[in-house]
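Student: Could you take me slowly through one part of this structure, the open sheet and the helices that lie against it, and then show me how other parts of the chain are put together?

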Amino acid sequence: MHPSTRDNETDRRLTLLVGLVVVLAATAVIASTLVASTSPLTTPLSDLSVLTMLIFMSAVGTLVKTDVRIRSTGHSISWNETALVISLALAPTSWVVLCTAAGVALASLHLPPIKLAFGVGKNILMAVGAGAALAAAGWDGLTGSPAHLIPPLALAYLVAVLLDEILAIPVIALASGTPVSQHFRKNLDLRIAGYVVRFSVALGSLLILQADPWLLLAVPPLVLSLHLAYSTRVRGRTEQQAWQQLAQTTDALNVVELDQVLTTAVTRATDLFSADEVEVELHDAARLVRGNSAGITYDGPADQAPTRQDAVVATPLEGHDRSVDVGVLRLRFRGPVQLNERERYTLHTFAPALCTAVRNAQAYAELARVAQAHAHAAAHDALTGLANRRHLIDEGNEQLHHRHADGVTALVLIDLNHFKEVNDTLGHAAGDQTLVQVAERLRSAARTDDLVARLGGDEFAVLLRALPAPAVAAHRAETLLAALHEPFDIDGMRINVEASGGIAVAPATGGMVELLRRADVAMYQAKRAGQRITTYAPARDTADLGRLTLGGELPRAVADHEFTVNFQPIVDLGTGAVISVEALARWRHPTHGMIDPLRFLEAVERSGLLPAFAEAILDQALIAAGTWRDAGFDIPVAVNVSPRSLLDTRFPDAVLSHLRAHNLPPDRLVLELTETLTLSQLDVVDQILTRLRDAGIRLALDDFGTGYSSLSLLSRIPVHELKIDRSFVTAMESSAEAAAIVRSTLDLGRSLDLSVVAEGVEREAQRRALWELGCTAGQGHLFARPLAAGTLLAALRRGSGGRPGTLAAALHDAGAVVRLPPGRRPGARGRHQPA
């Protein structure tokens with residue numbers, strides 16, 4: 001609610017409450033006038049003397065008071081109820097009501113009209129209530145013993161006191177905007193003690209009057225002494241509470257956060273000085289904070305703060321020596337207020353304490369800012385603002401520590417090609433501009449969770465976090481490098497920046513240092529091979545000492561026929577029938593046992609033994625295919641081909657020679673190519689692939705989707721088959737990105753009339769999901785692990801459910817009508833398969 005609206009509502013409610021009291025009091029005055037006109041006074045004194053005395057007592061009871069300020073409203077503790085009880089004991093209630101109205105009105109003429117009306121009305125209602133209580137108690141005048149006088153007088157006094165509290169406190173609370181309960185509880189012990197003292201004075205005065213009227217001359221000095229003592233006690237209690245509150249408030253200012261200092265100052269000072277609102281304006285920040293005990297109502301620029309038509313008590317926020325002035329403290333009141341001496345001293349004590357607290361908080365904030373700036377500078381590159389090597393390693397190690405919960409972590413290392421030419425030709429300033437723009441593009445292309453860093457010079461790195469599958473890293477890397485494809489505007493010139501990237505997936509051991517090393521190995525492999533992006537493969541890591549040791553044993557292994565072949569079937573996902581088999585090379589080492597090809601293939605390629613190794617593997621694969629054919633299972637066999645073999649012009653003749661030797665038609669052999677082929681190599685490879693294709697040998701593109709040049713390869717090499725990498729199949733159920741890659745590969749295969757094989761099918765749910773997407777073939781542990789040729793033949797003969805040649809139950813019953821997705825043709829053999 002807007003402050004002005006809230007003030008108007010308060011004024012309306014206050015007017016209604018005071019109006020109700022005035023109306024009731026006016027009714028009482030009219031009734032008392034009618035009763036008094038028919039009930040003459042019956043006292044020893046004249047009527048005029050009695051009336052004068054009653055009016056005088058009411059006026060004195062009103063004037064003898066202790067003033068108290070609450071917010072901008074002044075209130076007082078008076079002796080009205082004492083005068084009322086004495087008056088009611090001496091005269092009828094109707095006459096006391098009229099005399100009380102006259103006496104209170106005469107003593108309150110200096111007050112504003114609303115206070116005058118309320119004061120008169122309240123005391124009239126107190127007189128009516130106390131008189132009614134006295135009559136109900138059977139009062140018959142100042143006759144009888146004190147024991148008979150005390151009960152009715154005590155009852156009348158109690159009613160007067162309760163009416164005073166019930167009528168006055170809600171009005172005070174409403175006028176000051178403070179809780180009613182707070183006023184009922186505040187100084188309750190002192191108020192009760194005061195009521196007891198004043199009743200004692202009233203009772204003593206009446207007893208003296210009963211004994212000897214001349215003794216009343218001693219009552220005024222006694223009343224004055226008691227009043228002064230009570231006022232002193234109230235003032236002492238108020239000051240004690242004020243000093244305690246000041247001490248608590250200054251203690252609460254001892255915090256280091258500036259916002260907390262200002263909030264504490266505003267909310268605590270409202271109660272400390274009984275103000276309607278308090279505001280603090282800071283000069284340096286041009287900031288103003290305003291509020292009350294309930295909280296902050298404004299915090300913002302000083303020149304935009306809502307204006308208020310309040311009475312303001314302002315004091316500068318300066319130190320005790322007045323050498324520093326940080327701002328202004330303002331106490332706001334809805335009406336005119338004059339602070340007393342104690343309040344002024346409190347204000348002059350509080351302001352320097354607040355000034356010190358503000359300066360301390362500002363100094364702490366500056367120290368925190370400097371520390372944060374130093375920490376940022378220590379962890380970031382000064383030129384680009386990206387994370388530096390230290391920050392990358394720290395973040396990476398933290399990420400690897402939680403790798404099991406956050407998915408796959410990978411690192412992309414990016415190096416600008418020929419960047420030295422930019423510095424040499426255009427100058428280092430232009431080089432710095434280029435680096436800054438490269439950093440901006442990488443930051444924009446990276447995802448929110450990725451960390452982009454500059455390692456130094458023209459080398460950048462991007463930490464990829466929470467990947468659904470390792471193969472997704474290649475697609476993220478393509479996006480990063482694609483962001484550098486568009487020319488850069490440097491000093492009015494447009495220049496192209498080429499880059500090479502290396503991808504490494506977080507290793508099981510070694511931490512971030514090992515991940516950086518592997519990404520660096522992959523990046524330099526990309527540079528040497530003329531590729532844009534290369535993924536780290538342990539087989540090509542020359543830093544593996546164990547692999548180097550194995551390389552020395554290769555000649556003996558080839559000579560002793562230690563290389564053998566296992567076979568993993570490729571199955572029709574719909575029927576469960578085996579439609580082809582992939583040959584997987586293994587090294588049966590006499591000491592180390594069975595060795596995975598990733599550990600020795602790179603060494604084989606560098607050793608010069610690649611032709612002999614390739615022919616040994618091919619020979620074993622074709623022997624197995626012939627054996628299966630003779631047993632009634634005429635299924636093709638797929639053999640992986642090293643890119644280096646495709647650079648050997650003798651390779652096609654060797655392949656065809658082996659096919660003839662084993663009496664197998666060319667279409668029974670599938671050569672699987674990897675995406676590590678580069679476009680620059682394709683000019684040489686084209687001749688080899690053309691001869692193989694023309695001879696009827698089928699070609700397949702292995703691990704499709706994990707390399708940079710997938711679509712480029714398809715535009716140059718008319719393969720028959722695509723094989724979806726196992727990492728996408730594994731992650732397709734939990735990763736929308738992996739599922740999209742699988743779906744787009746299947747769509748691409750249908751549009752180009754290619755067969756598509758999904759690798760890594762390990763669960764029935766994956767099989768069904770792939771089948772529903774239109775994938776007809778798959779291989780994986782769901783059907784069979786890599787097996788020896790004889791073991792696989794036995795499995796084919798045994799079949800699944802008594803159906804030879806199958807390794808899984810069909811997804812549908814034989815003869816059932818199955819609605820296939822558009823473009824799915826089970827058993828399709830590809831666009832270049834001979835008839």
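Tutor: What follows begins with the open sheet and its helices and then turns to a hairpin, two helix pairs and two single residues. Please keep in mind throughout that this is a predicted model.

The sheet is built from 5 strands, which lie in the order E5-E4-E3-E7-E6 and pair in an antiparallel way. Strand E5 (295-301) and strand E6 (311-318) stand at the edges with a single partner strand each, so one side of each is left without a neighbour in the sheet. On average, and ignoring direction, neighbouring strands of this sheet are turned by 15 degrees against each other. If we look at one pairing in detail, strand E4 (residues 287-292) is joined to E5 by 6 bridges, and the two run antiparallel. Within this pairing, Leu288 has Gly300 in E5 as its bridge partner. As you follow a strand with your eye, it helps to remember that in a regular strand the side chains alternate between the two faces of the sheet.

Helices lie against this sheet as well. Helix H10 (residues 258-272) packs on the sheet, where it touches strand E3 (277-282), E4 and E5, and its direction makes about 40 degrees with that of E4. Helix H11 (residues 341-379), for its part, lies across E3, E6 and strand E7 (325-333), and runs at about 55 degrees to E6.

Now compare this with a hairpin elsewhere in the chain. Strand E9 (residues 451-456) is mostly covered, since 5 of its 6 residues are buried. It is joined by 5 bridges to strand E10 (residues 459-467), and the two strands run antiparallel. Leu451 has Leu463 in E10 as its bridge partner. There are 2 residues between the strands of this hairpin, and in it Gly457 takes a positive phi near 60 degrees.

The helix pairs come next. Helix H14 (residues 419-426) and helix H15 (residues 428-445) have axes 6 Å apart and pack at an angle of about 140 degrees, and they are therefore oblique to each other. In this contact, H14 contributes Phe419, Val422, Asn423 and Leu426, while H15 contributes His428, Ala430, Gly431, Thr434 and Leu435. Sorted by kind, the residues of the contact of H14 with H15 are 5 nonpolar, 4 polar and no charged.

Helix H3 (residues 80-90) and helix H4 (residues 93-107) form another pair, whose axes come within 10 Å and cross at roughly 145 degrees. The crossing of H3 and H4 is right-handed. On the side of H3, Asn80, Leu84, Ser87 and Leu88 take part, and they meet Thr93, Val96, Thr100 and Val104 in H4. The contact of H3 with H4 divides into 4 nonpolar, 4 polar and no charged residues.

Finally, let us look at two single residues. His658 is found in helix H22 (residues 651-661), and at 16% relative accessibility it counts as buried, because the cut-off for buried is under 20%. Not counting residues up to four places away in sequence, His658 touches Glu615, Leu618, Asp619 and Leu622. Ser580, in turn, has its place in strand E16 (residues 578-589), and it is buried too, with a relative accessible area of 11%. Leaving aside its neighbours within four places in sequence, Ser580 is in contact with Pro569, Ile570, Ile635 and Pro636.

Technical notes: Residues numbered from 1 in each chain as written. Predicted model: local features only at pLDDT ≥ 70, side-chain atom pairs only at ≥ 80, totals over all residues. Heavy atoms only, no water. Buried < 20%, exposed > 50% of the residue type's maximum accessible area, 1.4 Å probe, protein only. Helix = DSSP H or I, 4+ residues; strand = E, 2+ residues; numbered from the N terminus. Pairing = 2+ DSSP bridges. Axes fitted to C-alpha atoms, helices over the stretch in contact; angles between N-to-C directions. Parallel < 35°, antiparallel > 145°, perpendicular 65-115°, else oblique. Contact = heavy atoms within 4.5 Å. Nonpolar A, V, L, I, M, F, W, Y, C, P; charged D, E, K, R; others polar. Left-handed = near helix turned anticlockwise from the far one by under 90°.
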